[in-house]
Amino acid sequence: MKLVLAVFLAVVAASVVTFVRYESFSPCVWMEQDLAEQSGLPVLVVQSRIRAGFLIEGVVDPDPYDCVLAWWRFRAEGLPEES
């Protein structure tokens, strides 16, 4: 029972932190905000770049799964490589 409670509290804490950081639970919004923050470009330009990237990949209407995968790739590109 304690394990279930611990997992539940961890999920709630992660949800609260995510919502405080991004003000949304949509991974598409996460990617937009992170890319805009990193590049310093206006949000409309970032949205257009993201949309173009999805279109190049053949994704016309990205769903949350597509967005979270793209967001993970984006976040992984910013990590320093191990030597």
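# A walk through the helices, from Pro27 to the largest pocket

Start by selecting Pro27: at 8% relative accessibility, this proline counts as buried (buried is under 20% relative accessible area, exposed over 50%, and partly exposed in between, with a 1.4 Å probe and protein chains only). What you have open is a predicted model, in which local features need pLDDT of at least 70 and side-chain atom pairs count only at pLDDT 80 or more, while totals for chains, interfaces and linings use all residues. Residues are numbered from 1 along each chain as its sequence is written, and side-chain values use heavy atoms, with hydrogens and water left out.

**Stop 1: around Pro27**

Pro27 belongs to helix H2; helices here are DSSP runs of H or I with at least four residues, strands are runs of E with at least two, and both are numbered from the N terminus. Now show the neighbours of Pro27. Leaving aside residues up to four places away in sequence, Pro27 touches Pro64, Cys67, Val68 and Trp71, where contact means heavy atoms within 4.5 Å. For a distance to draw, try Val12: its C-alpha lies 17 Å from that of Pro27, with the two positions 15 residues apart in sequence.

**Stop 2: the whole of H2**

Next, select residues 27-39, which make up H2. Its end C-alpha atoms are 18 Å apart, which agrees with the 18 Å that its 13 residues should span at 1.5 Å a residue; the expected span is 1.5 Å times one less than the number of residues. Colour the buried positions of H2 and you will pick out Pro27, Cys28, Trp30, Met31, Asp34, Leu35 and Ala36. What covers them? The cover of the buried residues of H2 includes H1, H3 and H4. Step past the end of the helix and you reach Gly40, which follows H2 and has a positive phi, near 80 degrees.

**Stop 3: Asp34, a charged residue inside**

Go back into H2 and pick Asp34. Is Asp34 buried or exposed? Asp34 is buried, with a relative accessible area of 5%. Show its surroundings and, not counting residues up to four places away in sequence, you will find contacts with Arg21, Tyr22, Trp71, Phe74 and Arg75.

**Stop 4: the disulfide**

Select Cys28 and Cys67 together. Their sulfur atoms are 1.8 Å apart and form a disulfide, defined as a pair of cysteine sulfur atoms within 2.5 Å. Cys28 sits in helix H2 and Cys67 in helix H4, so the pair ties together parts that are 39 residues apart in sequence. Set a torsion about the S-S bond and you should read about 80 degrees, so the disulfide is right-handed. The count by this rule comes to 1 disulfide. Cys67 is buried, its relative accessible area being 1%.

**Stop 5: Thr18 and the loop after H1**

Move to helix H1, residues 2-22, and select Thr18. At 21% relative accessibility, Thr18 counts as partly exposed. Among its contacts, not counting residues up to four places away in sequence, are Glu23, Ser24, Phe25 and Trp30. Trp30 is 12 residues from Thr18 in sequence, and their C-alpha atoms are 9.1 Å apart.

Glu23 deserves a click of its own. This residue lies in the loop between H1 and H2 and is exposed, with a relative accessible area of 64%. Its phi is near 55 degrees, a positive value in a residue other than glycine.

**Stop 6: Phe54 and the largest pocket**

Now centre on Phe54 in helix H3, which counts as buried at 5% relative accessibility. Beyond residues up to four places away in sequence, Phe54 touches Met31, Val59, Pro62, Asp66, Cys67 and Ala70. The C-alpha atoms of Phe54 and Met31 are separated by 12 Å, with the two residues 23 apart along the chain.

To finish, select Met31, Leu35, Arg49, Ile50, Gly53, Phe54, Glu57, Ala70, Arg73, Phe74 and Glu77, which line the largest pocket. On a 1 Å grid over the protein atoms alone, a cavity is a set of points where a 1.4 Å probe fits but cannot get out, and a pocket is an open set with protein on both sides within 12 Å along at least five of seven lines; lining residues have an atom within 4 Å of a point. This pocket holds about 290 Å³ of space, the volume being that filled by probe spheres set on the points, which are joined across faces, edges and corners.

Which helix gives the largest share of the lining? H3 does, with 5 residues. Helices H2, H3 (43-57) and H4 (64-77) each supply at least two. Colour the lining by type and you will see 6 nonpolar, 1 polar and 4 charged residues; Ala, Val, Leu, Ile, Met, Phe, Trp, Tyr, Cys and Pro count as nonpolar, Asp, Glu, Lys and Arg as charged, and the others, Gly among them, as polar.
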